[in-house]
Amino acid sequence: MVASAAATPAIAPSDAPRASPTPAQPATPSSSSSPLPPPSSAAAAPFPFPREYHFPAFYTRQTNLTTHHAQLSKWSALVLAYARHHRLFRLHLSAAADSDLFRNRRLARRLAPDDIRDVVDFLRRDGRAEYLGGRDAGDVALLYWRKPDEWAALVEAYVDDSGQKGGVLTLYELTEGEATRGTELHGLDSEILLKALNILVKRGKAQIFGQEDSLGVKFF
């Protein structure tokens, strides 16, 4: 279960480089291929790992069911806290074992890939993760340190506070535009944004239209 080969960390805010904010060419916010984001003012401070992260036994699957459930609970809380701190939205399972999240270089310990998938499945059962595309398995999982309905509430609050109700915004403007800079919406993963918007659509508070690469949304 323990290995020492180094690799690029596998947790990323998204899967394709963000487009530069050119007003004349609004586009759907894309995802970044960089495994870990560059330091930002929001996450300049190092992440405070919990005490169990520094215990060797934390990286070994516990055989007692009660103890294993507690272990999964602690790993799940750590994953969400780490992702929230760094504003990360996606976990790439194929390389996750070599990320700082699951590998403690000082202890020369890391969580095995099968155990990482167990953590993701534990998060899925709690509604805190989902494999990309809604599949039952896969290499990329969306991390919901805020659930889609919580993001929907933030979108609705932003529209109300900024007087955009009745107006039309592109998805690019919602997550990459200057108007959202400094808000929780800026930099939001495009897949999670769409899930949040679809919640508002079902509630009769929004309508999505346009082509896939230039979607817009009208708020009611």
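**Entry 1: the sheet.** I looked up the strand order in this predicted model and found an open sheet of three strands, ordered β7-β9-β8, with antiparallel pairing. I noted β7 and β8 as the edge strands, since each pairs on one side only. I then read the turn between neighbouring strands of this sheet, which is 25 degrees on average, direction ignored. As background, I recorded that strands of a sheet pair through backbone hydrogen bonds, either parallel or antiparallel.

**Entry 2: β7 with β9.** I located β7 at residues 168–170 and β9 at residues 216–219. Three bridges hold this antiparallel pair. Which residue of β9 is the bridge partner of T170? I found G216 in that place. I also checked V168, and I saw that K218 of β9 stands opposite V168.

**Entry 3: β8 with β9.** I traced β8 over residues 206–209 and counted four bridges from β8 to β9. The two strands run antiparallel. For A206, I identified F219 in β9 as the bridge partner.

**Entry 4: the helix.** What lies across β8 and β9? I found helix α5, which spans residues 190–202. I recorded its direction as about 125 degrees to β8.

**Entry 5: review.** I returned to β9 and confirmed that β9 takes part in both pairings, with three bridges to β7 and four to β8. I entered the bridge partners T170 with G216 and A206 with F219 for later reference.

Notes
Residues numbered from 1 in each chain as written. Predicted model: local features only at pLDDT ≥ 70, side-chain atom pairs only at ≥ 80, totals over all residues. Heavy atoms only, no water. Pairing = 2+ DSSP bridges. Axes fitted to C-alpha atoms, helices over the stretch in contact; angles between N-to-C directions. Contact = heavy atoms within 4.5 Å.
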